[in-house]
Amino acid sequence: MDKCPLLPGQTLRLGEPVDNSLDLWSRRDVQTCTYWGAPVMWDGMFSPNTYDRVHRERGSSVALTVFAVGRYLDAYLSEFLRSAEKHFMLGLPVTYYVFTDAPERVPEVQLGPDRDLEVIHMQMHQRWQDISMMRMKAIKDTIDQRVRHRHPYIFCLDVDQVFVGRFGSEALGDLVALLHAFYYHRPRVLYTYDTNPQSTAYMEAGDFYYHAAVFGGSWQSVRNLTEACYQGIVEDKRNQVEALWQDESHLNKYFWQHKPSKVLSPEYCWERTIGYRSDIHVTRLIWAEKNYNVLRNPAAV
């Protein structure tokens, strides 16, 4: 990774006013800001109390979208929601928007004060790749119909994850991306961008490799992101092309063209099988154990 190009005393060009409270030089072992002036959030850089106080005073609230379709619902949704109630944006109003093909099987979860859950029925697709790609349209439509009237911020997460530590208001920003745990230490030549010139997700180079399991921001910025990714997917389908990593490829293209105002370190979505990394002081969200042969196979019993 590169190092933060700012000198002590210089301030970030992007981010929110509270981000100027960050100590960018407290973590000299990692990159704490980007060349375009956005913070990269690591443990030890911020005061949780400062961020929580500022966002409570502002009346911030957050929408959280999660897709639990097919076998993913029974395998992951309950633990996802129960762990979110322990760690996600505590102290702020939150609405969970659960997209599923089986609303009657959504588990009952005891929610805290100012925490709500809404279930949105969606069609089951035969291929998991189509589910992955169509979520961009579903998120955009939900922002238009519901989120924009209720919440200034929105996060979009995969369901096969578990919260294990604070995932708090320090993560809020206008356009928020996540460093992929498997790629943040790798040279850029190994990033798996879509290199097919026929795809709208095509890109030869980028800044980082971002993980589509977590992204967020203001509802306006996330609406723009999901609309752009969906339109790219539609054009690819029209041309009989599918991006290498479906919506994640389109997401990386969007963040290359529209720089995120905040980048989350892999603490915010860690894979424990990677093993020990000295720069990962805490984990906040981890990948759940996966059995793709069963989860993604419609014929599996």
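Let's start with a word: a residue counts as exposed when its relative accessible area is over 50%, as buried when that area is under 20%, and as partly exposed in between. By that yardstick Q240, at 78% relative accessibility, is exposed. Keep in mind that this is a predicted model.

**Two unusual backbone angles**

Q240 is interesting for its backbone too: its phi is positive, about 60°, although Q240 is not a glycine. You'll find Q240 in the loop between α4 (219-238) and α5 (247-257).

M89 does something similar, with a positive phi of about 50° and, again, no glycine in sight. M89 sits in the loop between α2 and β3 (94-100). Is M89 buried or exposed? The relative accessible area of M89 is 1%, so M89 is buried.

**The annotated binding site**

Now for the record. UniProt, in an unreviewed entry, puts the feature "binding site" at F67, A68, V69, Y72, D158, V159 and D160. Why do these residues count as gathered at one spot? They span 94 residues in sequence, but no two of their C-alpha atoms are more than 11.1 Å apart, so they come together in one place. The unreviewed entry also gives a "binding site" feature at D158 and D160.

Two of these residues are worth a look of their own. V69 belongs to the loop between β2 (62-67) and α2 (71-87), and with 6% relative accessibility V69 is buried. D158 is in strand β5 (residues 153-158). With a relative accessible area of 26%, D158 is partly exposed, because the partly exposed class runs between 20% and 50%.

**Aromatic rings**

There are plenty of rings to look at: the structure holds 23 aromatic pairs. One of them is W42 with Y184, a tilted pair with 6.3 Å from centre to centre and 50° between the planes. This pair ties together distant parts of the chain, since W42 is in the loop between β1 (40-41) and α1 (48-58) while Y184 is in the loop between β7 (175-178) and β8 (214-218), 142 residues apart. Both W42 and Y184 are buried.

F208 and Y210 make another pair: the ring centres are 5.9 Å apart and the planes meet at 65°, so this one is edge-to-face. The cut-off behind that label is an angle over 60 degrees. F208 and Y210 are both buried as well.

Which residues form one aromatic cluster with F208 and Y210? The cluster is made up of Y35, W36, F208, Y210, Y254 and F255.

Some rings also have a charge sitting over them. W36, a member of that cluster, has the charged end of K259 over its ring. Away from those six names, the charged end of R186 sits over the ring of Y183. Here are the two cases together:

| Charged residue | Ring | Distance from ring centre |
|---|---|---|
| R186 | Y183 | 5.0 Å |
| K259 | W36 | 5.3 Å |

**The second largest pocket**

What about open space? The second largest pocket holds about 200 Å³. It has a lining of 12 residues, and those nearest its centre are F99, M122, K137, A138 and D141. Which helix gives the most to this lining? That is helix α3 (residues 128-145), with six residues. Sorted by class, the lining of the second largest pocket has five nonpolar, four polar and three charged residues.

**Separations along the chain and in space**

Finally, two pairs of positions to try with a distance tool. L7 is in the segment before β1 and, at 54% relative accessibility, is exposed. L7 and L24 are 17 residues apart along the chain, and their C-alpha atoms are separated by 9.3 Å.

V66 is in strand β2, and at 0% relative accessibility V66 is buried. How far apart are the C-alpha atoms of V66 and R27? They are separated by 32 Å, with the two positions 39 residues apart along the chain.

How values were computed:
Residues are numbered from 1 along each chain as its sequence is written. This is a predicted model: local features need pLDDT of at least 70, side-chain atom pairs count only at pLDDT 80 or more; totals for chains, interfaces and linings use all residues. Side-chain values use heavy atoms; hydrogens and water are left out. On a 1 Å grid over the protein atoms alone, a cavity is a set of points where a 1.4 Å probe fits but cannot get out, and a pocket is an open set with protein on both sides within 12 Å along at least five of seven lines; lining residues have an atom within 4 Å of a point. Grid points are joined across faces, edges and corners, and a volume is the space filled by probe spheres set on the points. Helices (H or I, at least four residues) and strands (E, at least two) are DSSP runs, numbered from the N terminus. Ala, Val, Leu, Ile, Met, Phe, Trp, Tyr, Cys and Pro count as nonpolar, Asp, Glu, Lys and Arg as charged, and the others, Gly among them, as polar. Rings of Phe, Tyr and Trp (its six-membered ring) pair if their centres lie within 6.5 Å; planes under 30 degrees apart count as stacked, over 60 as edge-to-face and the rest as tilted. Buried means under 20% relative accessible area, exposed over 50%, partly exposed in between (1.4 Å probe, protein chains only). A charge sits over a ring if NZ of Lys or CZ of Arg is within 6 Å of the ring centre and within 35 degrees of the ring normal. UniProt positions are given in the numbering used here, feature names are shortened, and annotations may be inferred rather than shown by experiment.
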